[in-house]
Amino acid sequence: EDRNMVGKKKLALILSGLLVMTGLMSCSSNNSSEKGENATKASESTNEDGKTYTIGINQLVQHDALDASREGFIEGLKEKGFEEGKNLKINYQNAQGDMAIAKTISDQFVTSNVDLIFAIATSSLQASYNSTKDIPIVFTAVTDPIDAGVAKSWESSGTNVTGTSDMVSMEKQLELLTKLVPDIKTIGVIYNSSEANSLAQVQELKKEAEKKNIKVKEISVTTVNEINQNLTAALGEIDALYAPTDNTVASAYDLVGNICLSKNIPILCGEEAGVSKGGLCSSGIDYNKLGKEAGYKAAEILNGKSPSDIEITTLSDMTITINTDVVKKLNITVPDDINSKATKITGGVK
């Protein structure tokens, strides 16, 4: 009996031990499961908070001003916490001056469902807007977004578009030129007749030139290949040339500078890049700064704001730039009030 009793006690202890172990394993399994669920939730939360945004950049053509605006845009985003390689992916495409390519680029961005499109220059903006009315579009290097047909007003586009305009004061530009070259009777303007951006500037030039009794000679081109012939043919009729912020002309600033300087024709440029290639002067804007302002607007959109709630803006501060090599070649005397505040650069004179 004693042996039976001992055997029963041992069996009871073994069974009790098994029950305890089973309970512990069950608790351990539950804790492990809960930890797994929590880990998954934490992972999901991290992915949501640390989203990587994709921006498609549709740049019409490569030249100094547009390149500077793109660099400024990326800098502006970085200042606001959106940095490539961290929480930002940038798909940069260049249309090489071809509107059809710009439209293809836009369509590809829509298909890949980018978070935002950055359009550099009017034709790229129009192509992007024609591709989507839903994906936010931020632009820069566009003179008049209303004339371009993408916005209803500067205060609120009423569309999926906002950005920064490179519109500059034609009055101030002509004022600068006539102080440096007072005896101008006729000014030529070379531009691509298919760029809405340029047409707006030509109309503004005509208005301001009339106030100063200066005639305007239009020199229109459709491609870079027409610049040499069309500009050369007009040199005998003009006392100076205005080179607006036109993408076709900008991609051939060297050629324009060489042609005009060969006949001692001073060039007033819409931007500093033209001055460095043989232009006399510019009362224009800093395209890097213009792009940076556009980057700030893009950051607002990525943070949840609607493009139509963000005002389209211009840069108020103008930068006077003078090419001292051209000043010497053309034997021009720069007034002290201009000389004291102008940025001096060289280049373009052979």
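Accessible areas were obtained by the Shrake-Rupley method with a 1.4 Å probe, and for residues only the protein chains shown count as cover. On this basis the protein exposes about 17,200 Å², of which carbon and sulfur atoms supply 48%. The structure is a predicted model, in which local features need pLDDT of at least 70 and side-chain atom pairs count only at pLDDT 80 or more, whereas totals for chains, interfaces and linings use all residues. Residues are numbered from 1 along each chain as its sequence is written, and side-chain values use heavy atoms, with hydrogens and water left out.

The protein contains 13 helices and 13 strands, these being DSSP runs numbered from the N terminus (helices, H or I, at least four residues; strands, E, at least two). Of its 350 residues, 47% count as buried, where buried means under 20% relative accessible area, exposed means over 50%, and partly exposed lies in between (1.4 Å probe, protein chains only). Among the contacts (heavy atoms within 4.5 Å) with a separation of 6 or more, 70% come from residues 24 or more positions apart.

Strand β5, residues 161–165, is largely enclosed by the rest of the structure, because five of its five residues are buried. Pairing of strands requires that DSSP finds at least two bridges between them. Strand β4 (residues 137–142) pairs with β5 in the parallel sense over four bridges, and in this pairing I137 stands opposite V161. Strand β5 is also joined by two bridges to strand β11 (residues 313–314), again in a parallel arrangement, with T164 of β5 standing opposite T313 of β11.

A buried acidic residue is found in the loop between β8 (240–243) and α8 (247–250), namely D246. D246 has no salt bridge, and the nearest side chain of opposite charge, K206, is 14 Å away; for this purpose Lys and Arg count as positive and Asp and Glu as negative, while His and the chain ends are not counted. The side chain of D246 does, however, reach the backbone nitrogen of T248 at 2.9 Å, and one of its polar atoms lies 2.7 Å from the backbone nitrogen of N192. When residues up to four places away in sequence are not counted, D246 touches Y191, N192, E195 and S198.

Across the whole structure, the search finds 16 salt bridges, each defined as a side-chain nitrogen of Lys or Arg within 4 Å of a carboxyl oxygen of Asp or Glu. One of them is formed by D337 and K179, with the closest N and O atoms 3.5 Å apart. This pair links distant parts of the chain, since D337 belongs to helix α13 (residues 336–339) and K179 to helix α5 (residues 170–180), 158 residues apart. Both partners count as partly exposed, D337 at 40% relative accessibility and K179 at 38%.

A further salt bridge joins E218 and K206, with the closest N and O atoms 2.5 Å apart; E218 lies in strand β7 (residues 215–221) and K206 in helix α6 (residues 196–211), twelve residues apart. Here, too, the partners are partly exposed, with relative accessibilities of 34% for E218 and 31% for K206. The side chains of K289 and D317 likewise meet in a salt bridge, at 3.0 Å from N to O, which connects helix α11 (residues 287–302) with the loop between β11 and β12 (319–323) across 28 residues. K289 is partly exposed at 35% relative accessible area, and D317 is partly exposed at 39%. Finally, E75, E79 and K292 are joined into one network by salt bridges that share partners.

Note on methods: Polar contact = N/O pair within 3.5 Å; in protein donor to acceptor, adjacent residues only side chain to side chain.
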